[in-house]
Amino acid sequence: MMNPKLQKKISSLEKIERFPADKLFEFLPIKKNDNVLDLGAGTGYISLSIAERVQTVYAFDYDKEILKYLETLAKERDIVNIKTVVGNFKDIPLDNHFIDIAIASIALHEVQPLATALKEINRVLKDKGLFLCIELEKTEISTGPRVSSKDMEAEILDAGFSIVDKIYPSIKIANQPVYIILAQKNK
């Protein structure tokens, strides 16, 4: 039996409104031999959606129990190319120049310091590797930690990326505006 606290966390994660995964992939030139890093993977909403399109998905989260649950979901769906990685954003346990595409969907707004996390993402990406960041925009009525698109862009540039695209989709998440930044690792 799953412990009630974990059960509660899983059900709240699965209730979160998300940016539709298939829409995200429109922004990404995904190739079959790509290694993708899903940052703050949670219950695997991105990992499970993208797995069939790529070689390997590294589902990264600090919560070992949540990742175990993700492994169960993958097994149930006969998905064999998701590897779970436990760790925190300040020290991602993957090799340098290893990942083709990193995706952080509503995962970075609580990370401190953000600069360290972005440098880590840069480190694990191959040259010209892509980083897709989806975040809730900071507004006057935001509750909880937020990073504005302007600040996020500045931090991403500081971490050694160039900005490929910025999108402000009309879609809202939990009634809040979102932004998408697609960045590429500089050589």
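What covers the buried residues of helix α6? The views below start there and then move around this predicted model.

**View 1. Helix α6 and its buried face.** Helix α6 spans residues 149–158, and its buried residues are S149, M152 and I156. Looking down the axis of α6, you will find these buried residues within an arc of 60°, so they line one face of the helix. Turn to the other side of α6 and you meet K150 and D158, which are exposed. As for the opening question, the cover over the buried residues of α6 includes α5 (114–124), β5, β6 and β8 (176–185). After α6 comes G160, which has a positive phi near 100°.

**View 2. S149, a buried residue of α6.** S149 belongs to helix α6. S149 counts as buried because its relative accessible area is 9%, and buried means under 20%. Setting aside residues up to four places away in sequence, S149 touches E137, Y168, Y179 and I181. For a sense of scale, S149 and L6 are separated by 143 residues in sequence and by 32 Å in space, C-alpha to C-alpha.

**View 3. The aromatic pair of F60 and F89.** How many aromatic pairs does a search of the whole structure find? There are three. In one of them, F60 and F89 meet edge-to-face, with 5.6 Å from centre to centre and 85° between the planes. This pair links distant parts of the chain: F60 sits in strand β2 (residues 56–61), while F89 sits in the loop between β3 (82–86) and β4 (99–105), 29 residues apart. Both F60 and F89 are buried.

**View 4. The aromatic pair of F131 and F161.** Here F131 and F161 form a tilted aromatic pair, with centres 5.6 Å apart and an angle of 40° between the planes. Once again distant parts of the chain are linked, with F131 in strand β5 (residues 125–136) and F161 in strand β6 (residues 161–167), 30 residues apart. F131 is buried, at 0% relative accessibility. F161 is buried too, with a relative accessible area of 1%.

**View 5. D38 in strand β1.** Is D38 buried or exposed? D38 is buried, with a relative accessible area of 2%. This residue lies in strand β1, which runs over residues 35–39. Leaving out neighbours within four places in sequence, D38 is in contact with I46, S47, V57, Y58, A59, F60 and I103. You have already met one of these contacts, F60, as a partner of F89 in an aromatic pair.

**View 6. T56 in strand β2.** T56 is part of strand β2. With a relative accessible area of 9%, T56 is buried. Which residues is T56 in contact with, leaving aside its neighbours within four places in sequence? They are D34, N35, V36, N81 and K83. T56 and G160, the glycine from the first view, lie 104 residues apart in sequence and 25 Å apart in space, C-alpha to C-alpha.

**View 7. The largest pocket.** The largest pocket holds about 690 Å³ of space. Its lining is made of 32 residues, and L13, G40, I106, A107 and H109 are the ones nearest its centre. Elements giving two or more residues to this lining are α1 (4–15), β1 and α3 (45–50). Sorted by class, the lining has 15 nonpolar, nine polar and eight charged residues.

**View 8. The cis peptide bond before P113.** Q112 and P113 are joined by a cis peptide bond, with omega of about -15°. To find P113, look in the loop between β4 and α5.

**View 9. Positive phi at D78 and K128.** D78 is not a glycine, yet its phi is positive, near 55°. Where is D78? Its place is in the loop between α4 (64–76) and β3. D78 is exposed, and its relative accessible area is 67%. K128, also not a glycine, has a positive phi of about 65°. K128 is found in strand β5. With a relative accessible area of 45%, K128 is partly exposed.

Notes: Residues are numbered from 1 along each chain as its sequence is written. This is a predicted model: local features need pLDDT of at least 70, side-chain atom pairs count only at pLDDT 80 or more; totals for chains, interfaces and linings use all residues. Side-chain values use heavy atoms; hydrogens and water are left out. Helices (H or I, at least four residues) and strands (E, at least two) are DSSP runs, numbered from the N terminus. Buried means under 20% relative accessible area, exposed over 50%, partly exposed in between (1.4 Å probe, protein chains only). Contact means heavy atoms within 4.5 Å. Rings of Phe, Tyr and Trp (its six-membered ring) pair if their centres lie within 6.5 Å; planes under 30 degrees apart count as stacked, over 60 as edge-to-face and the rest as tilted. The arc is that of the directions from the helix axis to the C-beta atoms. On a 1 Å grid over the protein atoms alone, a cavity is a set of points where a 1.4 Å probe fits but cannot get out, and a pocket is an open set with protein on both sides within 12 Å along at least five of seven lines; lining residues have an atom within 4 Å of a point. Grid points are joined across faces, edges and corners, and a volume is the space filled by probe spheres set on the points. Ala, Val, Leu, Ile, Met, Phe, Trp, Tyr, Cys and Pro count as nonpolar, Asp, Glu, Lys and Arg as charged, and the others, Gly among them, as polar.
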